[in-house]
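The paragraphs below walk through a single chain, beginning at one helix residue and moving from there to the sheet, the core and the ligand. Please keep the sequence and the structure in view while reading.

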Amino acid sequence: MHILILGATSAIAHAFAKRYAKEGDHVFTLMGRNQQRLNACSSELSALGNNVIHPIEVNFMNASDIIHAINKSIQSVGSIDIAVLAQGSLSDQERAKKDFQYLHDEFILNVMSMIIPAQCIANHFKDRGCGIMIGIGSVAGERGRKGNYAYGSAKSAIHTYLSGIRNDIGNEHIRIMTIKPGFVSTPMTSHLKQSSLFVKPEFIAKEIVRGIEQGQDVMYIPSYWRFILMIIRALPEKIFMKLNI
Ligand SMILES: NC(=O)c1ccc[n+]([C@@H]2O[C@H](COP(=O)([O-])OP(=O)(O)OC[C@H]3O[C@@H](n4cnc5c(N)ncnc54)[C@H](OP(=O)(O)O)[C@@H]3O)[C@@H](O)[C@H]2O)c1
């Protein structure tokens, strides 16, 4: 299989890649912003099995750079079987309130660098009639909370965009998956107090693979977040405004 991973240095994406690397006989195109970190991921995957790995540095802040890299990868390696969109930044909400260039750049990364390749890959899947796309959203995208609405609203945009693509071209052969993890212990959250709600990236990866095998569309990981969010979404705005969550 040709497995394309954007944000391949992410702990979650890397844990996912490792599961397939162990099988061997896959071609990985790993895209990220830093060649050295990509090379390190590439070496780790190479040690796990007999795979071909292409680590490619891409500027995710530039739409044409991303599209050019994806098209080049399709031309040189071949059609994409599985695509993972994993790059992202846990925006600093306090800074985003005052530093508008920062807010802008966070949205370029968290929204545009996800939905533009998502659409490009969706068009590719439509042309070839099959493919699996996995977009990493977040439980933070379900409702605007005072502590993280810059990040949460970006994730919300991704959920809606992927839902639209799924509604447009999704079928049993073209699978568009939205992953909504809760708290995961990765470099992105290393500054946060690690409560019992935190899970490891390996657990998220294992669940995504299970979701692929079972034909899931939208996954809350761990699954108990589905029920927590069901309650949070159902709260009337006046009550939600008074909560400190
Ligand atoms: N950790 C959580 O609790 C959690 C929960 C829900 C959803 N998620 C989502 O899961 C995905 C993967 O995150 P993770 O938890 O695995 O964190 P991570 O290991 O810190 O990975 C973040 C990824 O985003 C890339 N990135 C960050 N800023 C970038 C920029 N300005 N330009 C290009 N790439 C940039 C990083 O590249 P470098 O390696 O080069 O820095 C890395 O590949 C993200 O979309 C995140 O929003 C995470």
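Leucine 103 is part of helix H5, which covers residues 100-128. The model is a predicted one. Leucine 103 counts as partly exposed because 17 C-beta neighbours lie inside 10 Å, whereas a buried residue needs 20 or more. Leaving aside neighbours within four places in sequence, leucine 103 is in contact with Ala96 and Ala150. Aspartate 92 is eleven residues from leucine 103 in sequence, and the two C-alpha atoms are 8.9 Å apart in space.

A second leucine of helix H5 is leucine 109. Leucine 109 has 18 C-beta neighbours inside 10 Å, so this residue too counts as partly exposed. Which residues does leucine 109 touch, not counting those up to four places away in sequence? They are Phe60, Met61, Gln87, Gly88 and Ser89. For serine 89, the separation from leucine 109 is 20 residues in sequence and 7.5 Å in space, C-alpha to C-alpha. Gly88, a contact of leucine 109, is also one of the residues that come nearest to the ligand.

The ligand has 25 residues around it, and those that come nearest are Thr9, Ser10, Gly88, Thr186 and Met188. By type, the shell around the ligand is made up of twelve nonpolar, eleven polar and two charged residues.

Next comes the sheet, starting with strand S1. Why does strand S1 (residues 2-6) count as largely enclosed by the rest of the structure? The reason is that four of its five residues are buried. On one pairing, S1 runs parallel to strand S2 (residues 27-32), and five bridges join the two. Within that pairing, isoleucine 3 has phenylalanine 28 of S2 as its bridge partner. To get from S1 to S2 the chain passes through helix H1 (residues 11-21), and this β-α-β crossover is right-handed. Leucine 4 of the chain is bridged to threonine 29 in S2.

S1 also pairs with strand S4 (residues 82-85): the two run parallel and are joined by four bridges. Here leucine 4 has alanine 83 as its bridge partner in S4. Leucine 4 therefore has a bridge partner in S2 as well as one in S4, where two strands count as paired if at least two bridges are found between them.

Strand S2 is mostly covered, with five of its six residues buried. S2 is joined to strand S3 (residues 52-57) by six bridges, and these strands run parallel. Between S2 and S3 the chain crosses through H2, again as a β-α-β crossover that is right-handed. Two residue pairs illustrate the pairing with S3. Threonine 29 stands opposite histidine 54, and leucine 30 has proline 55 as its bridge partner.

Helix H1, the connection between S1 and S2, is itself largely enclosed by the rest of the structure, because eight of its eleven residues are buried. The buried residues of H1 are Ala11, Ile12, Ala13, His14, Phe16, Ala17, Tyr20 and Ala21. What covers them? The cover includes strands S1, S2, S4 and S5 (131-136), together with helices H2 (35-46) and H7 (201-214).

Some of these residues appear again in the nonpolar core. The largest nonpolar core has 59 residues, and those with the most contacts inside it are Ile5, Ile12, Ala17, Val84, Ala118 and Met133. Among them, Ile12 and Ala17 are buried residues of H1. Isoleucine 5 shows how the core links separate parts of the chain: apart from residues up to four places away in sequence, isoleucine 5 touches Ala13, Ala17, Phe28, Leu30, Met31, Val84 and Ala86. Phe28, one of these contacts, is the residue named above as the bridge partner of isoleucine 3.

Two backbone details in loops complete the tour. In the loop between H1 and S2 sits aspartate 25. The phi angle of aspartate 25 is near 65 degrees, which is a positive value in a residue other than glycine. Is aspartate 25 buried or exposed? Aspartate 25 is exposed, because 10 other C-beta atoms lie within 10 Å. The other detail concerns proline 222, in the loop between strand S7 (218-221) and helix H8 (224-234). The peptide bond that leads from isoleucine 221 to proline 222 is cis, and omega is near -10 degrees.

Notes. Residues numbered from 1 in each chain as written. Predicted model: local features only at pLDDT ≥ 70, side-chain atom pairs only at ≥ 80, totals over all residues. Core = buried A, V, L, I, M, F, W, Y, C linked by C-beta atoms within 7 Å. Buried ≥ 20, exposed ≤ 12 C-beta atoms within 10 Å, placed from the backbone. Contact = placed C-beta atoms within 7 Å. Right-handed = clockwise from strand over helix to strand, strands pointing away. Near = placed C-beta within 6 Å. Nonpolar A, V, L, I, M, F, W, Y, C, P; charged D, E, K, R; others polar.
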